[in-house]
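Me: I am new to this structure and would like a close look at a single part of it. Please take domain 2 and the way it meets its neighbour, and set that part within the whole.

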Amino acid sequence: MSETTEVMKQMDLLRFATAGSVDDGKSTLIGRLLLDSKSIFEDQLEAVHATSQSRGYDYDDLSLFTDGLRSEREQGITIDVAYRYFATPARKFIIADTPGHVQYTRNMVTGASTADLGLVLVDARNGMTEQSRRHAVILSLLRVPHLVLAVNKMDLVDYSEEVYEKIHAEFTQFATKLSIPDLEVIPISALKGDNVVTRSEHMPWYSGPTLMHHLEHVHVASDRDMIDTRFPVQYVIRPKSDAHHDYRGYAGRVAGGVMKVGDEVLVLPSGMTSKIKGIDLFDKEIYEAYPPMSVTVRLEDDVDVSRGDMICRVKNAPKVSQDIDAMICWMVPDPMRIRQKLAIKHTTRAGRALVKDIQYRLDVNTLHRDQETKELGLNEIGRVQLRTTVPLLCDPYSKNRTTGSFILIDEASGVTVGAGMINATD
Ligand SMILES: Nc1nc2c(ncn2[C@@H]2O[C@H](COP(=O)(O)OP(=O)(O)OP(=O)(O)O)[C@@H](O)[C@H]2O)c(=O)[nH]1
């Protein structure tokens, strides 16, 4: 397969993350997408039918497809991020199915951080809730470029246009305060199948796309940064065997831009320059590499490159900084405090960080900035200043989701306690 075909294949993939409050119908919706796009095997369908009957339902409970874990079935809730794959003739999909409970915001951040599209579900009877606003805020902070609000359970509000319009207006007004470049609001019934894969006969007033049509056609290829070359080095490869004694390659995943053989490059933080001699993909050589390809790069000169370094273009480098201004989503009950010390992981670099200041906490309902705060509690989002022990080779998150993000780790327990998105770097 040619490199271009390889890239096209990657582009034809849509990663989307689902979010919603408990019982808004996420699992049912995913089941419906799988069922109506014929991605479910007959035996699974029979098992779901049998379980539904044994529980006395007069319908097939589609959430049984996705609510895979036993404990979850017992409790009737989803407890972890589950990745699911399905395909239609138009596209391949990876769904990060993230749970709705407030304490699992961390899972949502994990699931959504690499998504092309965020799908927020609301129950038409309840409209927007604090939780759905929080999800929209997180998706916008994570710069998920496309957002769909699925107004579910339209069957329970008599497929009312008025109900839909009210939620649509409320949400679009809220979304204008967030930077969401592309927003679609789709009225559906996950249980009955309206506007999920097939167009609903019950909502003639709705002229927009069905959810599946939108997922199949939303344009994501141009969302990737093909201009600013960023290659965080993950490993230095130096085979021990005599046959390859002069081989030296730098393995990693392209985080931005296009890397071509012959390009003049700059290695950070050393500041040395060289040229790309070759790019290896598995066992063959290729001429150019794009995000998110994992490749090994060889340079013409014997410059000193280690894990955690960054290869970029000479006139287009990330900022090298130990003072980081970022939005943080705090994920554990013990709050983040000023002067706290944490471990930080940014691309392939690791170091320590001191919390210098917590500038404000963002109220996810009103988007008000509370500047009195001295702490960030569980699921709270705020603007924070950090000082790191090692310089980070970073970009604003708005420019690059890989070089603009980091995680904070509690040094004693090893638990990830926060996710950070870097603000403007100068
Ligand atoms: N009437 C109606 N009921 C629905 C619809 N979608 C889901 N439900 C029901 O709502 C309940 C909750 O649905 P789930 O799919 O389990 O909810 P969830 O959002 O996945 O909840 P989690 O466990 O947090 O993932 C179930 O009883 C569904 O059958 C819908 O479109 N119409």
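Reply: What follows begins with the protein as a whole, turns to domain 2, and ends with a helix and a core elsewhere in the chain.

The model is a predicted one, and its domain assignment gives domain 1 (3-223), domain 2 (230-313) and domain 3 (319-425). The protein holds 9 helices and 24 strands, and buried residues make up 40% of its 426 residues. Among the contacts between residues at least 6 apart in sequence, 70% join residues at least 24 apart.

Turning to the part you asked about, the C-alpha centres of domain 2 and domain 3 lie 29 Å apart. The contact between these two domains takes 12 residues from domain 2 and 9 residues from domain 3. On the side of domain 2 that touches domain 3, the largest share, 4 residues, comes from strand β7 (residues 230-237). Sorted by class, that side of domain 2 has 6 nonpolar, 4 polar and 2 charged residues.

Strand β7 can then be followed through its pairing, for 4 bridges join β7 to strand β8 (residues 249-253), and the two run antiparallel. Within this pairing, V233 has G252 in β8 as its bridge partner. Strand β8 also pairs in the antiparallel sense with strand β14 (residues 294-299), over 4 bridges, and here the bridge partner of G252 is V295 in β14. G252 is therefore a residue at which the two pairings can be traced together, with V233 as its partner in one and V295 as its partner in the other.Elsewhere in the chain, helix α2 (residues 26-36) is largely enclosed by the rest of the structure, because 9 of its 11 residues are buried. The buried residues in α2 are K26, S27, T28, L29, I30, G31, R32, L33 and L34. Just after this helix, K38 takes a positive phi of about 60°.

The largest nonpolar core has 94 residues, of which A112, A150 and V151 touch the most other members. Strand β22 (residues 381-394) gives the most to this core, with 6 residues. Leaving aside residues up to four places away in sequence, A112 touches A17, A96, T98, G118, I138, L139, L142 and V144.

Definitions and conventions
Residues numbered from 1 in each chain as written. Predicted model: local features only at pLDDT ≥ 70, side-chain atom pairs only at ≥ 80, totals over all residues. Domains from an automatic or database assignment. Contact = placed C-beta atoms within 7 Å. Nonpolar A, V, L, I, M, F, W, Y, C, P; charged D, E, K, R; others polar. Buried ≥ 20, exposed ≤ 12 C-beta atoms within 10 Å, placed from the backbone. Pairing = 2+ DSSP bridges. Core = buried A, V, L, I, M, F, W, Y, C linked by C-beta atoms within 7 Å.
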